[in-house]
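Reader: I'd like a close look at just one part of this model, the place where two of the chains meet. Could you walk me through it?

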Amino acid sequence: MAFLDITGVSKRFGGLMALSDVSLQVEKGEIFGLMGANGAGKTTLFSVIAGHVAPSAGEVVFNGTRLTGLSPSRICRLGLCRTFQIVRPFAGLTVAENLRVAALYGSGRKLSAVEIARVVDAALEAVDLSDRRHLDAAQLTLSGQKRLEIARALATGAQLVMLDEVMAGLNPTEVSAMLATLERLRGDHRLTFVIVEHVIGALMTLSDRILVLDHGECIAFGTPEEIGNHDRVAEVYFG
Amino acid sequence: MILGVALAVFGAAVPAFGSPYLMGVVFQVAMWIALAQSWSMLSATTGYLSLGHAVFYGVGAYVCVLLTGTIPFELALLAAAAAAALFAALVGMPVLRVRGPYFVILTYGLSELVRHVVMRIESALGSFGRMIFDVPATEVLLWWMVGLAVLATLGAYAIRHSRFGAGLAAIREDEVAAETVGVPVTRLKLLAFIASAAIPGAVGGLALLRTSYFEPAQAFDPVISFTIVTMALVGGTETVRGPILGAVGFALLSELLWSSLPQLYMIVLGVTLIAFILFVPRGLSGLVGRIGRAG
Amino acid sequence: MDTLLSGQLLFAALVSGSLYALVALGLNLVYGTLRLLNIAHGDLVMIGAYTAFWAISLLAIPPVVSLVIAAALCALLGWAVYAGLFRRMLARPDLAKRVEANSLILFYGISVILQNLAALAFTSTSRGYQYLDTVITWQCVSMTGNRLLSLGVAAAVCFGTLLFLRFHLFGWSLRAVIQRREAAQVVGVNLNRVQMLTICAGFAVAGVAGVLVSMTEQITPFMGFPFTIVAFVVIIIGGLGNIGAGVLAGFCLGLVETYGIALTSPGYRSILIYGLFVGVLLLRPEGIFTKAVRS
């Protein structure tokens with residue numbers, strides 16, 4: 001069985017089918033890309049997996065555990081954590097405190113003070129925020145807050161991290177810095193990522209495999225090269 | 001920590017000097033410290049501002065008046081605290097789903113609802129206020145109240161500096177994000193609610209023993225809730241000493257004004273509260289901290 | 001059973017229903033434009049009631065004339081509150097945020113100040129006067145002139161406002177502000193002016209309600225709060241910012257209350273109102289929220 005196994009997930013909001021019969025398998029250690037125009041259902045899929053939204057049909061199995069019906073905090077403690085497209089830092093806490101909360105609660109195990117400090121330091125290091133650890137999260141730039149989102153997910157000890165448009169709103173310099181950060185994280189083979197990205201170039205470079213959603217349906221699936229040559233994708237994206 | 005010890009020493013010193021008036025004042029000060037600190041265990045940590053803490057005080061007083069005479073008063077006080085905590089546990093789940101201004105007004109409404117229900121029960125029983133006789137000596141009650149103030153202060157301190165407190169702070173900042181990084185939001189909120197209800201229950205019982213008279217309209221008076229909120233917010237919610245500063249300040253002011261001009265006291269309370277929310281959001285304790293650093 | 005079906009009870013329900021609709025209408029107008037729940041709203045009813053009382057007892061001005069005076073007085077107060085407090089505060093983002101987070105507590109502070117100022121100025125003695133209290137009997141329904149007047153004025157103001165909102169250009173811009181504040185500004189609605197006039201109107205409506213209440217009920221400095229609670233119940237049931245549904249919900253609450261009391265006893269009135277209040281907030285927290293967020 002795959003590390004993350006999604007079968008036949010649908011989500012209906014009133015008359016709108018946000019997701020219809022989506023299935024996908026994410027293998028351990030890979031970077032799995034999700035692509036699609038605005039409103040294609042990417043964020044909804046994240047919310048379903050992370051437990052923020054209950055699916056109308058289908059199920060999500062992570063690492064052998066059925067996630068459907070579990071609370072987001074429970075899902076996080078099982079090792080799956082997401083970031084938010086519109087960042088949600090704990091604005092009044094410092095950067096380090098943000099990560100400390102994640103380390104204290106994210107793993108579901110009681111860690112010692114020393115272990116907590118080590119997890120926090122490692123997460124800060126991973127996203128280059130070590131020098132800003134004592135700032136209030138609210139004082140960070142958007143790019144800093146996006147990094148904080150990633151670090152916070154890492155600090156929970158998650159094995160699978162879902163990144164929701166961590167490059168959106170960043171300037172070109174910041175995008176390439178972020179790309180370097182993600183490339184470095186990928187070197188750590190204990191982590192698995194599912195990423196949603198509007199910056200298609202970045203998605204193509206990073207992902208091992210890509211799934212394309214359009215109006216809640218899967219329309220293509222394959223390696224970046226295959227997706228680049230896919231007729232239907234070209235049609236949706238380039239008209 | 002130091003504050004707690006100082007409080008205990010202060011409380012211990014008073015009965016030795018023994019003027020009944022002074023003991024009355026200290027009883028009041030300790031009572032408001034205990035209430036404001038308990039309030040801060042929920043409201044300062046999570047940002048869920050309760051405007052209904054009178055309900056816990058009232059439940060405690062009611063349980064205590066029903067039990068006095070049947071069991072020793074120490075046990076009655078324990079039962080009062082337990083009843084208040086139990087009440088919080090029962091209503092907590094649905095109440096804590098409501099957020100922001102709606103939570104504030106809901107806690108107020110809930111407290112008023114219970115007040116009217118108890119008033120109705122009492123008048124159906126044909127009781128218009130209950131006197132109790134054979135209450136413990138004033139010194140004993142004072143000791144208990146000071147003990148509760150110290151306990152509440154230590155409790156508030158312990159919560160803030162624990163894993164539990166870190167989770168509550170995350171809830172205050174962003175509940176959805178807290179949930180996403182593994183904080184069991186519902187459970188922590190409920191625990192904080194229960195923790196913040198227990199001591200006010202015992203305080204209500206003690207205050208009842210001191211006045212030796214129970215009347216539901218008084219025991220559940222919304223003015224209690226409002227005074228707690230004002231003391232805590234004016235004192236400052238960011239530190240443990242904040243509620244102490246607020247409670248001491250207003251309790252002393254109340255000694256000056258309450259007996260002669262109660263309305264003026266309430267007006268001062270309202271004006272100070274508004275001024276502090278708008279212009280001194282960190283409260284007295286923030287001010288003191290700033291002066292301390294400057295000097 | 002006979003009394004339940006009588007026109008007498010229906011008349012009573014309509015009288016109180018129209019008053020509730022009127023009070024809630026004012027609260028809803030203010031909420032719709034400021035996005036703040038004014039918990040001091042009921043105290044404007046109190047001010048209107050005192051206006052009518054002093055006008056008739058000192059100057060022999062009949063309540064019909066006081067309707068205009070109270071409306072003007074409360075509108076003036078609304079202007080003062082907006083120009084003196086909110087315009088500046090809402091323009092500064094840091095203050096605006098604080099006002100929003102603590103709005104309920106802030107307004108509760110204002111309410112405490114108003115009540116105690118009134119108690120200081122007029123004492124807590126309940127007041128009343130007689131006006132149009134001869135009984136008129138029509139088709140075996142007996143009613144007093146003042147209740148009839150109250151029903152007529154309240155219904156006229158409610159439906160007048162609804163028609164105004166639907167057919168007058170200002171009404172359109174007001175509805176635009178309630179539904180989409182930013183978009184309304186883009187298409188040229190003067191937000192400042194709309195907000196100010198609406199607050200004046202909302203306050204004035206509460207003043208009018210106060211005059212109507214004063215004709216049939218006792219006047220005290222603390223009479224306002226129950227009206228606030230009733231208005232909250234009404235606009236939460238009707239949907240925050242939804243003016244028309246709010247008016248309908250006001251009449252419904254009047255019916256429920258009158259028949260509820262007829263089936264039990266007047267002692268249950270407060271329990272019924274607070275019970276409804278708590279129930280509505282508990283059962284529809286998401287509903288209330290999504291509405292507030294979406295609009």
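Reader: How many residues does the contact between chain C and chain B take from each of them?

Author: Before the count, a word on the model: it's predicted, so local features need pLDDT of at least 70 and side-chain atom pairs count only at pLDDT 80 or more, while totals for chains, interfaces and linings use all residues. Residues are numbered from 1 along each chain as its sequence is written, with chains lettered from A and ligands numbered from 1 in the order in which they are written.

Now your count: chain C puts in 31 residues and chain B puts in 31 residues, where contact means C-beta atoms, placed from the backbone, within 7 Å. On the chain C side, the elements giving two or more residues are helix H5 (93-101), helix H6 (103-122), helix H11 (224-238), H13 and helix H14 (285-294). (Helices are DSSP runs of H or I with at least four residues, strands are E runs with at least two, and both are numbered from the N terminus.) H6(C) has the largest share of that side, with 13 residues. Sorted by class, the chain C side has 23 nonpolar residues, seven polar and one charged. Here Ala, Val, Leu, Ile, Met, Phe, Trp, Tyr, Cys and Pro count as nonpolar, Asp, Glu, Lys and Arg as charged, and the others, Gly among them, as polar.

Let's zoom in on one helix pair. Helix H5 of chain B (residues 100-124) packs on helix H13 of chain C (residues 269-283) at about 150 degrees, with the axes 9 Å apart. Those axes are lines fitted to C-alpha atoms over the stretch in contact, and angles run from 0 to 180 degrees between N-to-C directions. H5(B) passes H13(C) in a left-handed crossing, meaning the near helix is turned anticlockwise from the far one by less than a right angle. From H5(B), the residues involved include B:Tyr102, B:Leu106, B:Gly109, B:Leu113 and B:Arg120. H13(C) answers with residues including C:Ile271, C:Tyr274, C:Phe277, C:Val278 and C:Leu281. By class, this helix contact comes to 10 nonpolar, four polar and two charged residues.

And how does your pair sit among the chains? Two pairs of chains touch, and B with C makes the most contacts. Chains A and C don't touch, with their nearest C-alpha atoms 13 Å apart.
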